[in-house]
Each structure stands twice: as structure tokens, then as C-alpha cells.
Amino acid sequence: MTQTIIRGARSLRAAVAALPLLLGTALAGHAADIDTSKPIKVAMVPKLVGLSVFKANEQGAQTAAKALNIDFLYTGPVTASAQGQVDVFNSLIARRFNVITTTSNNPTQLAPALRRARKQGIKVVSYDSDVSPDARDFFIQNTDYAAFGKALVESVAKYTGPDAKIAILSSTPDATIQNEWIKALTAYMKATYPKMQIVTTQYGQSSPSQSLTAGLNILQANPDVTGIIAPDGAAEVGAAAAVQKLGRTGKVAVGGCSDPDSIRQYVKSGIIKESPLWDEVKEGELVMYVARLAANNAIQRNGTFTAGDLGSFTAKDGVIVFSTPLIFNAGNIDQYKF
Amino acid sequence: MSGGRNDVTARRGASRRLPLGNWERALLVLLVLLTLGLVAAVPGFYPGFGDFLALSENFLPFGLVALGLTTVILTGGIDLSVGTTASLAAIVMAELWTGLHLSIWIAALLGVASGALLGLVNGLIITRLRTEPLIATLATSFIYGSIATALAGDNPPSGFPDSFNRLGTGAIGGILPYQIVLFGVLAAFFSALISRSAFGRKVVMIGYNTEAARYAGIRVDRIVTLSYVISGTTAALAGIVLAAYYSAVRPDMGSILLLSTITTVVLGGVSIFGGDGSIAGVVIAVLLLGMLRQGMLIAGFSDMVTTMVTGAILLGAIALKNLFAGRGTGLATLLRRLRIRPAATT
Amino acid sequence: MSAPALQAAAALPVRPRPARGSAWLRRDLREIALVGVTIATVLVVGAFHRDFMSLQNLRFMMLGCVVLSLLSLGQTVVIATRGIDLSVAPVLGLSAMVTGLMAQTGGLPLYGAFAIALAIGLVLGTLNGLLVARLAIPPIITTLGTYSLYSGLIFLYSDGTQVDSVPHAYATLGNGVVASVLPVPIPVLVLGIVLLLMWFIIGHTRFGRAVLAIGNNQAAAYNAGIPVTITQVGAYTISGVLAALAGLMFLSYTGSATVTTGTGDHMELQSIAVALIGGTAIAGGRGNALGTVLGSLFLSVILTALVFVHVPPIWYSAGEGVMILLAVTAGRGARA
């Protein structure tokens with residue numbers, strides 16, 4: 001009982017704290033511009049229920065759903081598997097949801113089920129991790145891949161110097177979004193820091209314990225590594241914990257992308273100097289705005305639209321870039337609670 | 001793994017076992033009741049005959065795996081590598097299709113053949129190296145998983161021809177899914193194989209008592225090896241069907257098959273110690289668990305609740321079965337057991 | 001299904017068992033072999049990569065095997081009764097999640113965490129034991145069912161949140177050393193104590209003898225007056241408690257817990273593999289606590305070595321599979 005109260009208070013604080021975020025776009029328009037007369041059913045399907053990042057999306061989505069007259073459901077599989085997500089999609093199709101929003105465990109396996117949904121007139125909005133383009137109406141990209149690749153490199157480059165030996169700790173070899181980021185960061189690194197070197201790429205399977213073990217092994221087996229880029233939530237935490245356990249704070253810089261709650265202690269102890277991400281709570285809000293607009297047929301695959309207080313966004317071939325990278329550091333991390 | 005043989009057989013002597021088919025009949029009644037209940041109570045569960053049948057496309061790959069796994073479990077063994085075998089076979093198919101530009105159907109055949117080969121490796125490790133099936137197939141599942149990941153690379157193939165994808169999601173005349181046809185034919189074949197062929201009788205005999213089977217002149221190693229080849233083949237077939245269903249392959253796509261399939265086989269009335277069980281029971285269990293899961297999800301229950309209910313049903317069903325068979329010390333038998341000790345067997 | 005004629009003839013033990021006489025020698029061989037291979041690996045890889053032999057790396061290879069060792073020690077007792085416990089993974093996860101969330105949001109003191117973990121392990125483990133011993137549900141089915149149930153509890157309790165940081169006392173438990181003059185990591189000490197306890201219980205108590213007797217031949221054990229039900233329940237209770245303790249150690253060492261802790265890494269399969277590498281017989285009747293811990297350390301060393309010799313990460317799990325096969329088949333050779 002006390003548990004829930006404490007947690008409730010925590011999420012309230014988080015919602016308030018998230019307000020001062022700037023999106024670089026002018027505030028314009030309100031929910032009033034959007035036709036909310038007809039209630040619609042929208043589902044949000046994360047890769048797996050039970051991870052804070054997805055919970056943060058849900059938090060924002062809940063808020064927006066209320067304002068947009070959306071009957072909102074947050075549901076997902078208990079294992080990070082495509083089959084689990086497909087089963088959930090099928091049930092949502094049978095229950096005649098108006099919009100399905102999802103971040104995919106992998107882009108290809110989910111496509112047939114989502115195409116079936118679209119055939120039945122259900123709008124599909126993907127966010128965070130995309131599905132095949134023909135299987136969704138819109139994709140909300142967290143940040144532009146090239147910009148994020150740059151931010152990831154810069155999160156360690158400033159502290160390791162331009163000719164450092166870098167290790168990468170990712171999730172799995174075939175993780176779509178991680179591979180996009182690794183591609184982008186490699187390209188940026190080659191262009192900007194030609195002497196920087198990626199000496200090893202390891203995988204933590206998005207598991208905290210395997211990421212920690214991988215982090216320890218990277219540092220032990222490659223003592224000359226001075227920076228670890230870990231573009232995965234569990235991986236960044238694992239890498240930072242490894243640096244801490246080996247007492248290499250200050251000698252090895254860790255960068256990557258995690259929700260602020262999970263890296264707070266490492267940012268404060270100086271192991272992670274900078275960590276780019278985006279505001280997951282606000283992103284959840286945007287997902288609901290796009291869902292509402294898509295259900296209303298009030299949004300074009302190419303064009304601009306206004307999402308209440310979030311500002312205006314541009315869709316290009318159905319892809320909507322949510323924000324520029326938001327860099328967490330010791331100075332600002334306490335403003336974000338998710 | 002194959003524990004409890006002695007006490008089980010001991011108690012079997014004391015109390016009459018269920019007459020053949022009771023378990024299957026009970027499952028069948030349950031399946032009918034459940035389906036009718038879901039059709040009546042859950043809106044969206046029965047949107048039309050064709051769509052209703054299409055629900056089975058979501059779980060019949062589990063059924064394919066279950067058929068082969070049943071054969072292995074009947075011998076008293078287990079195959080923990082079915083999941084990675086399915087993944088690896090699907091990836092072999094996809095890589096042959098993209099890499100060597102083979103026809104997708106020939107690639108699929110080779111994929112199934114690769115599953116048979118993986119099963120053969122399992123069988124040989126178990127029989128030649130005298131390794132327990134559990135540990136042997138656990139080890140090979142790690143190895144097959146690595147190979148699958150390596151072959152798949154960082155961007156596994158997808159987008160197979162529509163003619164192939166129909167195997168996973170197509171239906172004859174828009175009504176009867178190909179998956180049902182495939183599963184139906186195979187189920188009939190396995191049923192005949194297990195209960196009507198010499199091979200099937202040997203499988204059951206080995207599972208019932210390996211030593212006795214050996215004394216009776218059965219070439220145990222050969223039959224056991226063959227059962228793993230069969231299990232590898234059906235797992236691979238499931239992998240191919242999943243590939244068609246998703247029109248994509250991933251190195252981890254089979255990982256969800258394992259635990260669910262064991263649950264299905266056991267719920268179908270197959271003794272985990274081997275030597276007892278029928279394909280009919282397994283087939284009904286496939287439909288029962290599949291319909292239950294689809295129905296619960298459509299009714300709005302979360303994946304979590306659905307998973308928990310499946311676990312509870314497994315425990316409840318087997319406890320109930322034991323109760324009627326006079327095993328265990330639950331309720332009815334408790335009093336009797338307090339007075340009568342099981343007969344000495346050794 | 002089965003022919004009635006067979007039914008009558010089936011009252012024989014399935015597998016002839018090796019004589020117990022040379023058990024001690026065999027057991028020692030297994031341990032000597034594991035120690036030998038582990039040391040050889042350290043020396044060979046260390047010859048090419050000095051850092052592999054560094055004290056720090058050796059320390060982390062030991063630390064890295066603590067959680068799995070605790071889990072596998074419980075598994076060892078259960079397997080020795082000719083059972084199996086798949087539910088250790090969700091028990092580990094639930095214990096880490098419950099104590100972790102309470103510590104994170106409510107500042108639960110460490111002794112409270114021990115008490116709660118103990119209670120979780122006791123209740124869930126005993127439930128497994130009762131299902132196996134009283135309702136005669138085969139162990140693999142029992143724990144497959146409770147695996148789903150206990151995993152569900154993790155989701156129910158966590159309500160989608162996760163543990164990101166733990167109070168200082170926990171971090172000390174997971175990362176500290178016993179004393180500055182005695183630089184033994186605390187988790188290694190914890191494992192040492194549990195190992196000693198399990199070695200004593202399996203080898204030198206009536207309960208331990210009962211465990212092995214049941215694993216050898218349950219009916220005979222029953223007829224010999226051994227309390228089968230209590231012993232079986234006890235074995236699963238021990239497994240539950242050690243899994244919960246492993247969960248607390250996991251939490252303290254990594255400072256995190258998520259809904260997939262334990263189950264996501266398939267710790268249940270890993271723990272079975274480690275017990276078998278360590279010389280415990282899957283057919284019951286033989287349980288080797290020291291072998292289990294050595295097996296776990298061996299696996300930890302091998303997996304680290306693979307990183308040092310630059311084997312691509314994709315092949316780590318294959319390496320593990322090969323090691324399991326080698327250890328088990330080599331052990332069989334030594335037994336024969």
C-alpha cells in the first residue's frame with residue numbers, strides 16, 4: 001500500500017519535473033485544434049512490459065490520452081519476443097482497437113501481423129524502434145540517427161581525447177536500432193576523429209548481469225581502452241558498473257543511452273560525464289497525439305502538424321523525428337525522473 | 001530426469017490405472033466447453049468461420065514441435081534443443097535462399113533436412129557418448145544457438161515470396177489454413193506411427209523400461225537416435241512454418257517454443273518419464289492451450305495473466321490426473337497411503 | 001498406451017547403478033580434474049595475456065561465479081534426489097525484485113532484506129517440494145508450472161518498475177572485502193560459508209544420506225524407513241532459499257533488478273549445467289557441492305578466457321555448450 005503511494009508520488013514529481021523541456025520548436029496550438037469528439041481505443045505495446053523506459057512512455061501517454069479522449073491500454077509481452085508481441089497484436093485486432101502503437105522487438109517479424117491490422121483499418125504508429133515501413137502508418141523516431149551517433153561519440157570523445165581506443169557494448173548483434181546508431185557513430189567517428197579506434201564490440205543481451213560481465217571483460221582484456229560507448233540501457237549501466245568495480249573512475253569514460261534513473265549514480269560519481277537520450281515521457285505524449293491525428297485522418301505522411309503543447313512537428317514519408325538528443329549530465333540529470 | 005520410475009510402477013500395481021483414453025476424453029470435453037464458452041462470452045473471438053480457424057495459425061507451430069518432442073519423451077528422453085533447432089533450420093533456409101538463390105521450396109526442404117541432421121547429432125551424442133538427454137540437448141542448444149546467430153548476421157533475411165508465406169498465413173479457399181492441413185496430416189501420421197507401427201511400439205517399450213526392451217532384443221540406441229532425428233525434423237518444420245508466418249527469420253525466433261511445448265506434451269497425458277501417452281492427447285492439448293491463450297488475450301487478459309494461468313492449469317491437471325490414478329498423497333489417497341505402504345519392488 | 005504385458009514386467013530399476021565403494025575416489029577425481037583444467041586455462045591464457053592472471057581479473061572471475069554457484073548448490077541437492085528445479089530463476093528474480101524495490105523506495109535495512117529473501121525462498125521452495133512429494137507431480141512439471149507462476153509474481157509485484165540503485169550497505173555486501181588485512185570479497189566469503197554448509201549437509205548428515213538414498217532408489221528408501229516426503233520437501237526448500245539468497249547477492253553485486261532478472265539469462269538451465277559439470281548425477285543419488293562450485297568457477301574462467309583470446313562474442317554460448325559436453329563426457333570416462 002505505502003509502496004503504491006510512494007510510487008504514485010514519484011511519478012507525479014516526474015511529470016512536473018519533465019515540464020521545462022525545450023523542443024526547439026515554437027509553442028503553438030492546443031489540444032483544442034484536434035477533433036476529440038469521438039472516443040477511440042489506442043493500445044501501446046512495448047517490447048516487454050516491466051522496463052522503466054517503456055513505463056516512462058506510458059506515463060506521458062496516459063496524460064495525453066486523457067486530454068485527447070482516448071481509451072488507453074498499455075499491454076505487452078512478458079518476454080522480449082516477437083511472438084509475444086504478435087499475440088498481443090492479434091488480440092488487439094480482434095478487440096477492434098482504432099490505433100496500435102508499438103516499439104518493436106524486431107522490424108521484420110512483426111510486419112505481417114501489423115499489415116493485417118492495417119488491412120482492417122487499424123492505424124499503426126511505431127515509435128522508438130521501427131518496423132518495416134509498409135507495416136505502419138507513422139514512425140516516431142526518437143532522434144535523428146546521425147545526430148544521435150554524433151552525440152554518442154561526443155559523450156566520450158571530450159574526455160578520452162581524439163586518439164583514444166574505444167570499446168562498444170551493445171545489446172545483441174541483430175538489434176536494429178543499436179545497429180543504426182553504431183553505423184552512425186562509426187561514420188561520425190571516422191570523419192571527425194580519424195585516429196579514434198574501435199578495438200572491440202561486445203554484447204550484453206540487454207541483461208544487466210551479462211552487460212556487467214561483458215563490461216568487466218572488455219576492460220580486463222583491453223587495458224588500453226579509455227572509453228566505452230554503450231548504446232543500450234542495460235549495457236551503459238553494465239559498463240559504468242564495471243568501471244566502478246575496477247576502480248577506473250576518471251580513467252575510462254562511459255557514454256551511451258539509458259533512462260536517467262538507472263544512470264543517476266554513475267553520472268554523479270563522474271563515470272558517465274554525458275549521456276544522450278530524449279525525453280521518454282514527452283515522447284509518450286507525442287505518440288498519443290499522432291495516434292489521435294492518424295485516427296482522425298488529420299495528418300499527412302508528408303507535412304507538418306501541431307501536437308498541443310509539444311509544438312509542431314514535420315512528417316517526412318511517415319517518419320516524425322521527435323527531438324534532438326537531450327544530453328544528461330551531472331548538472332541537469334536531477335530534473336528528469338523516469 | 002527419469003526419476004520416480006520405481007514408486008510409480010509400484011503404485012500402478014496397487015491401484016487400477018485410468019482406462020485408456022479417459023484423459024484424452026476429458027481434455028476433449030474441456031476443449032469443446034472452452035471453445036464454446038469463448039465463442040459465447042468473448043466478443044471478437046469468433047468473427048467468422050475463416051477468421052476463427054485462422055486463430056490456429058498463431059499456435060500450430062508449437063503443435064508441430066510437440067509431435068516430435070512427444071516421440072522423444074515417450075522414449076524417456078527430452079530434447080531441450082527444439083527451440084534453437086527451429087531457429088537454425090529457418091536461418092539455413094533463408095540463407096540458402098538469399099545466398100545461393102535457391103528456390104525457396106528447395107531451401108525449405110534443405111532446412112528441414114538440416115533439422116534432421118541436428119537431431120541426429122543429438123541422438124549420437126546421447127547414445128554413443130552415453131550422455132543424459134537433458135544435458136546433451138542443453139549443450140547442443142547452446143551450440144546450435146551460436147551457429148544460428150553467426151549465420152544470421154546483423155541483418156537476417158526477410159521478405160520471402162508470397163507463395164511461401166501462404167504456408168504460414170494462407171488458407172485454402174480463404175477458409176482452411178494451410179497450417180491446419182499440415183498439422184492435421186502430420187498428427188494423423190504420428191498417431192499411426194506411435195500406436196500402429198513396430199517403431200512406435202518399440203519407442204513406448206524403451207520408455208517404459210529400457211533394460212527390458214534391450215533384453216527383448218530391441219536395438220535401443222537406434223530407435224532412440226531415430227526419435228531425436230524425428231524431433232529435430234519437426235522442430236525444423238516448425239521453424240520453416242514460423243519463417244513463413246513472419247515472412248522473416250531471426251536467430252532467437254524459436255526460443256519461445258521450448259517450455260510451452262513441454263507443457264503441451266505433458267498436459268496431453270504423456271508421462272515425462274516415458275512409456276505412456278498418446279498423440280491424440282497431445283493434439284487436443286495443443287488446441288486446448290492454444291485456444292485458451294488466444295481467447296484470454298482477446299478477452300483482454302495480459303500476457304502475464306495468461307502465462308500464469310497456463311502454469312496453474314498444468315499443475316492442476318497433472319495433480320488431478322495423479323489423484324485419479326491413485327498416485328501421490330493428495331486428498332482421496334492420503335488416508336489410504338497412511339495405512340498401506342507401497343509394495344517393495346527391489 | 002503401453003502394453004499390459006510390459007506393465008507387469010516393469011517393476012525393475014531402470015538403470016543399474018555403479019557400486020558405491022569407489023565413490024570417494026571418483027568424486028576426488030572430478031574435483032582434481034576441474035581444478036587442473038581451471039588452473040591450466042589460467043596459465044595458458046595468462047602466458048599470452050598477462051592481465052588474465054592479474055589478481056584483479058582472478059578476483060572478478062571468482063566474483064562472477066558467486067550468484068550462479070549459490071543457485072547451482074541448491075540445484076545440486078534437488079538433482080541428487082533425482083529431481084530438478086526449473087523455478088530457481090524466477091525465485092532469484094522475485095527475491096532480487098522484492099528486496100531491491102523495498103530497499104530503493106523504503107530504505108529496507110540489509111537484515112530485513114535477508115529475512116525477506118529467506119521467507120520468499122522458504123515459501124516458494126516448500127511449495128515446490130509439497131507439489132512434488134505430496135501430489136507426486138514430476139519435478140520437471142512442477143517447477144515448469146511454478147516457473148510461470150513465480151515469474152508472474154515478479155511482474156505483479158514490480159508493476160513495471162525496476163531497481164536502479166541500492167543503499168550503501170547492499171553495495172558493500174556485493175562489492176566489499178571482508179577486512180583490509182583480509183582482502184577476500186564478501187560475496188566469496190558468503191559462497192564459502194554456504195558451500196561448507198552444503199558440503200556438510202550432503203555428506204555428513206542424516207538428511208544428506210536420505211537425499212542420496214532417495215535419489216538412488218525412492219521405493220527402496222521408503223521401505224527402509226527413510227522419511228521420503230520430508231526429505232524431498234527439504235531439498236526443494238533448500239533450493240528455494242539458496243535461489244533467493246542468490247537473488248539478494250545478485251542485487252547487491254549488480255545494484256539492479258528487472259522483471260527478466262534470472263529468467264532472461266536462463267539461469268535455471270545454467271544452474272543445471274553447472275551442477276552436472278560438477279559431478280552431480282542427473283539420475284540422482286550423487287551430489288557434489290564442492291564440484292558444483294568448481295564447475296561454476298571453471299565456466300566463469302572459460303567464458304572470460306574467450307574474451308581474452310578474441311573469440312567473437314557470437315560463439316561464447318557455443319563455447320559453453322562444448323565445455324558442458326566435454327566436462328560431462330570426460331567425467332563419465334572417469335567414472336567408468
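Two strands count as paired here if DSSP finds at least two bridges between them. Thanks for that, everyone; with it in hand, let's look at this model, which is a predicted one.

I'll start in chain A. Four strands form an open sheet there, in the order β7-β6-β8-β9, and the pairing is parallel. At the edges sit β7 (197-203) and β9 (253-256), each of which pairs on one side only. From one strand to the next, the twist averages 20°.

Let's zoom in on one pair. Strand β8(A), residues 227-230, is joined to β9(A) by four bridges. Which residue of β9(A) is the bridge partner of I229(A)? That one is G255(A).

Now the helices on this sheet. Helix α5(A), residues 145-160, lies across β6, β8 and β9 of chain A, and runs at about 170° to β9(A). Helix α7(A), residues 208-221, touches β6, β7 and β8, with its direction at about 165° to that of β6(A).

Over to chain C for a helix pair. α9(C), residues 186-204, and α14(C), residues 289-308, pack at about 145°, their axes 8 Å apart. From α9(C) the contact uses L191(C), L195(C), M198(C), W199(C) and I202(C), while α14(C) brings A289(C), L290(C) and V293(C). By class, that is eight nonpolar residues, no polar and no charged.

Last, where chains meet: 26 residues of chain B are in contact with 24 residues of chain A. On the chain B side, α7, α12, α14 and α15 of chain B each give two or more residues, and α15(B) gives the most, with three. That side of chain B divides into 13 nonpolar, ten polar and three charged residues.

Happy to rotate the view for anyone!

Methods: Residues numbered from 1 in each chain as written. Chains lettered and ligands numbered in written order. Predicted model: local features only at pLDDT ≥ 70, side-chain atom pairs only at ≥ 80, totals over all residues. Contact = placed C-beta atoms within 7 Å. Nonpolar A, V, L, I, M, F, W, Y, C, P; charged D, E, K, R; others polar. Axes fitted to C-alpha atoms, helices over the stretch in contact; angles between N-to-C directions.
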